[in-house]
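Here is a friendly walk through a protein model, taken strand by strand and then residue by residue. Keep the structure open beside you as you read.

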Amino acid sequence: MEDFVLPRLYNCYKCQNPVSRHDDIVSKDFQDRQLMTGLHTVADVYCKDCGEVLGWKYEKAYEQSQKYKEGKFILEKFKIVKNN
């Protein structure tokens, strides 16, 4: 019989709704929204359950060196908590 391991999750700090798997997180160092790497178009990311703003999504990066960020999400450290 195989051992089943639950994925490590991060939840909304306010309502505990699961918002991300640990393995989907690329960096754990973002703490605020100051964008100092050039011009970007961003959209807020909300918790589906309580509506709390948890971070943002990079819609468009205008500098070639920042294009890798397009389509990626930023969840602010103080807005999420580890589930398990």
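## A first pairing: β1 and β2

Let's begin with strand β1, which covers residues 9-12 and is joined to β2 by three bridges, the two running antiparallel. Strands here are DSSP runs of E with at least two residues, while helices are runs of H or I with at least four residues, and both are numbered from the N terminus. Two strands are said to pair if DSSP finds at least two bridges between them. Within this pairing, Y10 has S20 of β2 as its bridge partner.

A word on the source: this is a predicted model, in which local features need pLDDT of at least 70 and side-chain atom pairs count only at pLDDT 80 or more, whereas totals for chains, interfaces and linings use all residues. Residues are numbered from 1 along each chain as its sequence is written, and side-chain values use heavy atoms, with hydrogens and water left out.

## The three-stranded sheet

Which strands make up the open sheet, and in what order? There are three, arranged β2-β1-β6 with antiparallel pairing. The edges belong to β2 (18-21) and β6 (80-82); each has a single partner strand, so one side of each is left without a neighbour in the sheet. From one strand to the next, the twist averages 35°, where axes are lines fitted to C-alpha atoms (for helices over the stretch in contact) and angles run from 0 to 180 degrees between N-to-C directions.

## The overall make-up

The protein has six strands and zero helices, so to speak a β-β-β-β-β-β run when read from the N terminus. Of its 84 residues, 26% count as buried, meaning under 20% relative accessible area (exposed is over 50%, partly exposed is in between; 1.4 Å probe, protein chains only).

About 6300 Å² of the protein is exposed, and carbon and sulfur atoms supply 52% of that area. Accessible areas come from the Shrake-Rupley method with a 1.4 Å probe, and for residues only the protein chains shown count as cover. Among contacts (heavy atoms within 4.5 Å) between residues at least 6 apart in sequence, 43% join residues at least 24 apart.

## The β3-β4 hairpin

Strand β3 (residues 40-46) and strand β4 (residues 53-61) run antiparallel and are joined by seven bridges. Y46 stands opposite V53 in β4. The two strands form a hairpin with six residues between them, and G51 in the turn has a positive phi of about 80°.

The structure holds one aromatic pair. Its members are W56 and Y58, set edge-to-face at 6.4 Å centre to centre with 80° between the planes. Rings of Phe, Tyr and Trp (its six-membered ring) pair if their centres lie within 6.5 Å; planes under 30 degrees apart count as stacked, over 60 as edge-to-face and the rest as tilted. Both W56 and Y58 are buried.

## Cysteines without disulfides

How many disulfides does the structure hold? The count is zero, with a disulfide taken as a pair of cysteine sulfur atoms within 2.5 Å. C12 is in no disulfide, and the nearest cysteine sulfur, that of C50, is 3.7 Å away. C47 is likewise in no disulfide; here the nearest cysteine sulfur is that of C15, 3.5 Å away.

Are these cysteines buried or exposed? C12 is buried, with a relative accessible area of 0%, and C47 is buried at 3%.

## Two loop residues

N17 lies in the loop between β1 and β2. Its relative accessibility is 14%, so N17 counts as buried. Leaving aside neighbours within four places in sequence, N17 is in contact with Y10, N11, C12, C47, K48 and D49. The C-alpha atoms of N17 and V81 are separated by 10.0 Å, although the two are 64 residues apart along the chain.

E63 sits in the loop between β4 and β5 (73-75). At 37% relative accessibility, E63 counts as partly exposed. Not counting residues up to four places away in sequence, E63 touches T37, G38 and L39. The C-alpha atoms of E63 and G38, 25 residues apart along the chain, are separated by 6.6 Å.
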